There are 2 protein chains.
Amino acid sequence: MGASKIQVGKIQIGMIGLGTVGSGVVQLLEKNRDLIRRRLGADIQIKKIAVAQTQKKRSLKIASSLLTDKVEEVLNDPEISMVVELMGGIDPAKRYLLQAIEKGKHIVTANKAVLAHHGAELFSAAEKKKVGLGFEASVCGGIPILRALREGLVADQVTSLYGIVNGTSNYILTEMTSEGSSFEEVLKKAQEKGYAEADPRFDVNGIDSVHKLVLLLRLAFGVQVDVESIYTEGIGRVGPLDVKFAEELGYRIKLLAIAKLEGDSMEARVHPTMLPKETLLATVDGVFNAVYLLGEYSGPGLYFGSGAGGMPTATAVVSDVVDIAKNILSGIGVRGSERMVPSKKIKPIEEVQCSHYLRFMAVDQPGVLAKIAGFLGEEGIGIASVIQKGRKLQQSVPVVIMTYEAKGRAVERALAKVDQLPVVTEKSLAIRIETDLG
Amino acid sequence: MGASKIQVGKIQIGMIGLGTVGSGVVQLLEKNRDLIRRRLGADIQIKKIAVAQTQKKRSLKIASSLLTDKVEEVLNDPEISMVVELMGGIDPAKRYLLQAIEKGKHIVTANKAVLAHHGAELFSAAEKKKVGLGFEASVCGGIPILRALREGLVADQVTSLYGIVNGTSNYILTEMTSEGSSFEEVLKKAQEKGYAEADPRFDVNGIDSVHKLVLLLRLAFGVQVDVESIYTEGIGRVGPLDVKFAEELGYRIKLLAIAKLEGDSMEARVHPTMLPKETLLATVDGVFNAVYLLGEYSGPGLYFGSGAGGMPTATAVVSDVVDIAKNILSGIGVRGSERMVPSKKIKPIEEVQCSHYLRFMAVDQPGVLAKIAGFLGEEGIGIASVIQKGRKLQQSVPVVIMTYEAKGRAVERALAKVDQLPVVTEKSLAIRIETDLG
């Protein structure tokens with residue numbers, strides 16, 4: 001950027017963890033040094049990185065003098081004013097974070113698990129010590145959704161929010177839709193492509209999504225919620241058949257994290273959801289993430305981008321580092337801090353009203369549909385439409401019923417009765433439908 | 001929010017202008033007082049509002065003691081630390097803004113015109129006096145796109161950006177697409193619905209969009225650009241025929257503000273653009289706004305929401321007020337300020353390479369297509385496909401040609417030659433095509 005020598009300050013940071021995101025941060029700070037200097041008016045310098053094995057072979061070129069296998073060298077260094085935690089997991093990450101805070105160091109983390117489970121403790125520790133705690137990277141990697149909620153929408157109450165916050169699940173559902181493949185086939189392909197972990201459980205069973213939902217709820221509604229109190233259902237039971245029926249009926253299936261404010265209570269849930277095909281969120285395909293929200297006065301908003309990956313997530317990490325660096329350079333610890341509201345009751349999933357897609361597998365013989373419809377009627381569930389086709393007498397065929405709005409409890413009960421029928425050949429499936437997405 | 005009496009500070013602001021957005025701000029501060037107090041830890045109090053006529057009948061309930069027709073009462077009040085300018089236009093708004101800055105007051109404005117034309121002077125005045133200058137509301141009302149660029153993407157270089165930043169034009173193009181109506185018919189309807197001003201020129205001729213593009217360029221590329229140096233073309237010449245052909249060819253027509261970084265030069269232009277139907281931006285309909293961008297490391301991003309309207313825009317204004325209030329409460333003026341880069345050369349529109357949609361109106365007689373194709377060939381423009389149908393010998397019919405990539409200059413020259421043909425019955429139309437939107 002030319003030879004002009006402008007005297008700039010320097011902010012020294014320490015890192016814990018040097019995996020995909022950590023390597024991304026190192027590279028980003030190097031590659032965008034001029035850009036960051038121009039925007040911040042100072043340099044961000046990595047002073048020390050704590051790693052499990054200093055001798056491990058890495059594709060990243062990094063001075064070995066930066067590496068240490070002693071976390072204390074990061075935590076105890078008085079020149080390090082900010083600790084970037086990218087090791088993930090709950091323990092010992094939580095301990096390290098608390099130690100760093102205790103020593104008055106600002107924190108930036110991408111660790112949704114530790115924040116979802118121990119947010120109350122960590123945020124309050126940071127507040128007490130007046131240090132910043134940046135966690136933009138923990139939700140939707142390259143999408144600055146937390147900043148949008150905390151700053152862009154600071155003057156407005158978000159009343160509902162629907163997020164595709166797990167790229168692996170979205171990739172799997174997208175491929176099932178476009179290729180007609182099974183969950184298992186697509187998962188294998190996703191793993192080969194690096195879109196799914198060797199152990200994909202947290203991604204596909206909704207755990208990763210519910211961690212992110214806890215953090216979104218904090219910023220959107222000002223509440224700190226227990227992970228365990230949120231209904232969480234993964235995509236494991238969604239089959240190629242369901243994806244095909246959804247298409248035919250004008251819907252797409254997405255794994256959504258959903259939050260709705262209802263006075264003093266709220267809805268918070270993670271589950272596969274059918275969305276009308278023409279809604280913006282339904283068109284978000286592949287590994288991408290997106291959050292659709294409704295603000296009371298700002299109206300609808302959609303934030304779309306890369307949800308994961310080393311470099312996109314690194315841009316979020318460094319955006320927090322720069323934000324905190326601005327405070328340090330201004331001589332302040334933190335700029336204000338939001339007060340939480342008293343926790344709101346989460347409406348039990350049994351009480352949540354939705355239209356449902358119901359898919360039954362039953363032996364094709366006279367009277368089956370009447371029986372199923374009868375059970376639905378007993379629970380007060382209205383039928384909007386029925387698809388039963390490809391008659392194969394005495395073989396198992398799918399019966400699909402779209403219902404009017406019904407409570408989760410009624411649907412659960414009706415399905416339990418249906419599943420008792422001898423002609424029903426596998427556990428019936430219900431997928432909730434959301435239509436209020438503009 | 002309950003009876004707990006927490007001692008909170010108070011930030012007193014003054015306003016200039018009380019139109020749609022100004023009234024929105026007054027209402028929002030009133031309705032969301034508790035929310036803002038909880039998030040900011042202080043109250044925002046309007047001390048004075050300068051209006052043209054204090055006695056004017058307003059639907060808004062407001063204490064008459066707040067109103068004044070003397071702007072000086074806002075500018076000279078030492079208790080007012082922040083001035084919110086919502087009068088619009090260039091003069092006297094610019095003068096008031098400079099006076100307020102000179103008196104050390106922070107500024108929040110929704111005035112894209114004054115910032116686009118006099119940004120260099122206004123931003124540098126604010127920097128010199130170390131006061132904040134918030135302008136989130138000036139681009140895409142309810143979408144916090146400026147904050148996303150300045151903070152969320154602070155560590156990344158945006159390399160290209162495509163914005164639907166004028167809701168009126170987007171509404172008109174959407175209605176033309178869905179209803180097949182003419183520009184004039186839809187404009188009338190838009191005016192009836194309040195989606196278009198009585199004088200819609202700035203909206204439909206691209207001026208409003210280019211103002212916003214200047215501000216987006218500032219944040220995305222760090223450059224201050226002259227409005228006049230940006231090629232600006234409105235939607236006035238797009239007809240129902242073009243919308244229909246676009247649909248048939250798999251495209252949608254949108255008025256886009258486009259910016260692309262190319263080393264030391266850049267592209268910056270506003271014009272009707274064809275986008276492949278399946279791209280996210282192409283699905284943004286009605287009065288909504290959206291910005292699609294590519295970050296070097298963060299990847300693609302889309303920000304969608306309400307582009308205008310009193311309340312959505314008010315949420316943006318107040319987000320800036322709160323941001324500046326946080327600085328005031330922290331005892332600092334501004335938190336850092338980005339250095340601009342030396343201005344980059346804008347590639348002349350004649351040099352910009354695009355595929356084009358070309359629509360000719362010519363008398364249907366043998367040899368016409370050959371002549372048109374010949375002129376295109378002379379300019380080195382390759383033809384990708386041709387549509388000519390509904391033969392009506394000796395009547396004027398449309399001939400549509402999709403080209404391969406060609407420079408603006410070549411297309412302009414070819415069209416000038418075609419328009420000389422006696423069989424050509426109206427001025428030919430070229431619409432640029434953008435396909436790099438994921």
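Let me start with a puzzle: which residue is the bridge partner of B:E85 in β5(B)? The answer is B:T109. Keep that pair in mind, and please remember that everything I show today comes from a predicted model.

So, where do those two residues belong? Strand β4, residues 82-85 of chain B, pairs with strand β5, residues 106-109 of chain B, in the parallel sense, and four bridges hold that pairing. Now zoom out a little. In chain B there is an open sheet of six strands with parallel pairing, and if you read across it, the order is β3-β2-β1-β4-β5-β6. Look at the two ends of that list. β3 (67-68) and β6 (133-134) of chain B are the edge strands; each has a single partner strand, so one side of each has no neighbour in the sheet.

Next, let's move to another strand of chain B. This one is β7, residues 158-164, and six of its seven residues are buried, so β7 is largely enclosed by the rest of the structure. What does β7(B) pair with? One partner is strand β11, residues 288-295 of chain B, in the antiparallel sense over six bridges. If you want a spot to click on, B:Y162 stands opposite B:Y292 in β11(B). Strand β9, residues 251-262 of chain B, also runs antiparallel to β7(B), and four bridges join the two. Here you can find B:L161 opposite B:A259 in β9(B).

Now for the part I enjoy showing: the place where the two chains touch. How many residues does each chain bring to the contact? Chain A gives 52 and chain B gives 51. On the chain A side, α2 (33-40), α6, β12 (299-306) and α12 (310-330) each supply at least two residues. The biggest giver there is α12(A), with 12 residues. By character, the chain A side divides into 24 nonpolar, 18 polar and 10 charged residues.

Let's take two pieces of this contact, beginning with the strands. β12(A) and strand β12 of chain B, residues 299-306, run antiparallel and are joined by five bridges. Find A:Y303, and you will see B:Y303 of β12(B) standing opposite.

One step along is B:F304, also in strand β12 of chain B. Is B:F304 buried or exposed? Buried, because B:F304 has 28 C-beta neighbours inside 10 Å, and the cut-off for buried is 20 or more. Who is around B:F304? Setting aside neighbours within four places in sequence, B:F304 is in contact with A:L280, A:G301 and A:L302 from chain A, and with B:I143, B:V284, B:F288 and B:A290 from chain B.

The second piece is a pair of helices. Helix α6 of chain A and helix α6 of chain B, residues 145-152 in each, have axes that come within 10 Å and cross at roughly 120 degrees. That angle makes α6(A) oblique to α6(B), and the crossing is right-handed. The contact is made by A:R147, A:A148, A:E151 and A:G152 on one helix and by B:R147, B:A148, B:E151 and B:G152 on the other. Those residues divide into two nonpolar, two polar and four charged.

That's my tour. Do turn the model around yourselves and look for these pairs. Thanks for listening!

Conventions. Residues are numbered from 1 along each chain as its sequence is written. Chains are lettered from A and ligands numbered from 1 in the order in which they are written. This is a predicted model: local features need pLDDT of at least 70, side-chain atom pairs count only at pLDDT 80 or more; totals for chains, interfaces and linings use all residues. Axes are lines fitted to C-alpha atoms, for helices over the stretch in contact, and angles run from 0 to 180 degrees between N-to-C directions. Angles under 35 degrees count as roughly parallel, over 145 as roughly antiparallel, 65 to 115 as roughly perpendicular and the rest as oblique. A crossing is left-handed if the near helix is turned anticlockwise from the far one by less than a right angle, and right-handed if clockwise. Two residues are in contact if their C-beta atoms, placed from the backbone, lie within 7 Å. Ala, Val, Leu, Ile, Met, Phe, Trp, Tyr, Cys and Pro count as nonpolar, Asp, Glu, Lys and Arg as charged, and the others, Gly among them, as polar. Two strands pair if DSSP finds at least two bridges between them. A residue is buried if 20 or more other C-beta atoms lie within 10 Å of its own, exposed if 12 or fewer, and partly exposed in between; C-beta atoms are placed from the backbone.
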